[in-house]
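Here's a quick briefing on a fold and its ligand site. Have a look at the model first, then go through the notes below.

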Amino acid sequence: MDGAYGAFFHLCPELRGLMPGLSRADSLTLDPHKGLFLPYGTGALLVRDGAALRQAHEATAGYLPGRSDGDEFYDPHLYGPELSRGFPGLRVWLCLKLYGAERFRAALAEKRALALEAAARVAAVPRIVMAAPPQVSLFAFHLRWPGSSLAEENRATELLVERVNLRNRVMLSGAVVEGRFLARVCVLSFRTRARHVAACVTDLAEEAAAVLATASA
Ligand SMILES: *Cc1c(COP(=O)(O)O)cnc(C)c1O
């Protein structure tokens with residue numbers, strides 16, 4: 001199961017109901033560099049059957065040192081494609097030890113609350129249609145105005161994202177889903193606070209008005 005973005009929100013008891021299938025997964029990808037706010041390159045994989053993972057990745061060669069075996073010795077190169085590798089798990093462990101799980105739980109709940117607030121305010125901007133309301137901390141939307149075609153809406157929404165990003169206060173992303181371009185807000189940086197959400201809503205509202213003035217003229 002792909003929990004790269006969303007699965008850490010499971011830490012928040014009030015969000016457990018959103019991911020009822022999580023406990024049934026045989027394997028789960030997690031990105032501590034997203035949901036735990038750690039530096040890029042901190043990915044994680046949880047598997048139920050470690051022996052199957054080892055079977056898939058274990059390789060031997062004459063030039064490699066002999067195996068240190070035994071159940072208590074975990075040699076990560078036997079469980080993944082890398083041989084010489086860093087130790088990204090250390091920063092996860094260290095941060096959890098230093099700050100405790102509660103701080104991460106609180107930060108995730110804060111980011112979700114900010115996303116909900118941003119979504120409510122963005123949805124109130126004239127001509128913005130909320131295509132995917134937030135489940136955890138992400139939502140997607142597009143522009144629509146009387147008489148607009150899909151192609152026009154796509155162009156206008158793409159332009160909206162470009163123009164908001166040119167203001168350099170927030171960075172929005174976009175994605176094409178089934179032929180429709182969607183603008184996307186995702187709140188998942190430990191530095192994002194209420195003032196950034198306010199800047200995002202202001203920039204979106206002003207740029208939406210500017211884009212619509214030309215698009216529907
Ligand atoms: C970020 C993300 C990925 C890719 O993860 P990387 O850490 O960039 O390799 C895959 N799936 C989902 C849902 C993601 O959000």
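**Two sheets, one helix, one ligand**

Strand 6 and strand 7 run antiparallel and are joined by 5 bridges. Strands here are DSSP runs of E with at least two residues, helices are runs of H or I with at least four residues, and both are numbered from the N terminus. Two strands count as paired if DSSP finds at least two bridges between them.

Before going on, note that this is a predicted model: local features need pLDDT of at least 70, side-chain atom pairs count only at pLDDT 80 or more, and totals for chains, interfaces and linings use all residues. Residues are numbered from 1 along each chain as its sequence is written, and side-chain values use heavy atoms, with hydrogens and water left out.

**The antiparallel sheet**

- Strands 4, 5, 7 and 6 make an open sheet in the order 4-5-7-6, with antiparallel pairing.
- Strand 4 (128–132) and strand 6 (173–177) sit at the edges with a single partner strand each, so one side of each has no neighbour in the sheet.
- On average, neighbouring strands of this sheet are turned by 40° against each other, direction ignored; axes are lines fitted to C-alpha atoms (for helices over the stretch in contact), and angles run from 0 to 180 degrees between N-to-C directions.
- Between strand 6 and strand 7, Val-177 has Arg-180 as its bridge partner.
- The hairpin of these two strands has 2 residues between the strands, and Glu-178 takes a positive phi near 50° there.
- Strand 5 (residues 138–143) pairs with strand 7 (residues 180–186) in the antiparallel sense over 4 bridges, and Phe-139 has Val-185 as its bridge partner.
- Strand 4 and strand 5 are also an antiparallel pair, over 4 bridges, with Ala-132 bridged to Ala-140.
- The hairpin that joins strand 4 to strand 5 goes through 5 residues.
- Helix 4 (residues 101–123) lies across strand 4 and strand 5, at about 10° to strand 5.

**The mixed sheet**

- Strands 1, 2 and 3 form an open sheet in the order 1-2-3, and its pairing is mixed.
- Strand 1 (2–3) and strand 3 (44–47) are the edge strands, each pairing on one side only.
- Strand 1 pairs with strand 2 (residues 27–30) in the parallel sense over 2 bridges, and Asp-2 has Thr-29 as its bridge partner.

**The ligand**

- Which residues surround the ligand? They are Asp-2, Ala-4, Tyr-5, Asp-31, His-33 and Lys-34, where a residue is near a molecule or strand if one of its heavy atoms lies within 4 Å of it.
- That shell divides into 2 nonpolar, 1 polar and 3 charged residues.
- A ligand nitrogen is 2.6 Å from an N or O atom in the side chain of Asp-2.
- A ligand oxygen is 2.5 Å from an N or O atom in the side chain of Asp-31, and an oxygen atom of the ligand is 2.8 Å from an N or O atom in the side chain of Lys-34.
- The protein covers 43% of the 380 Å² of accessible area that the ligand has on its own (Shrake-Rupley method, 1.4 Å probe).

Definitions and conventions:
Contact = heavy atoms within 4.5 Å. Polar contact = N/O pair within 3.5 Å; in protein donor to acceptor, adjacent residues only side chain to side chain. Nonpolar A, V, L, I, M, F, W, Y, C, P; charged D, E, K, R; others polar.
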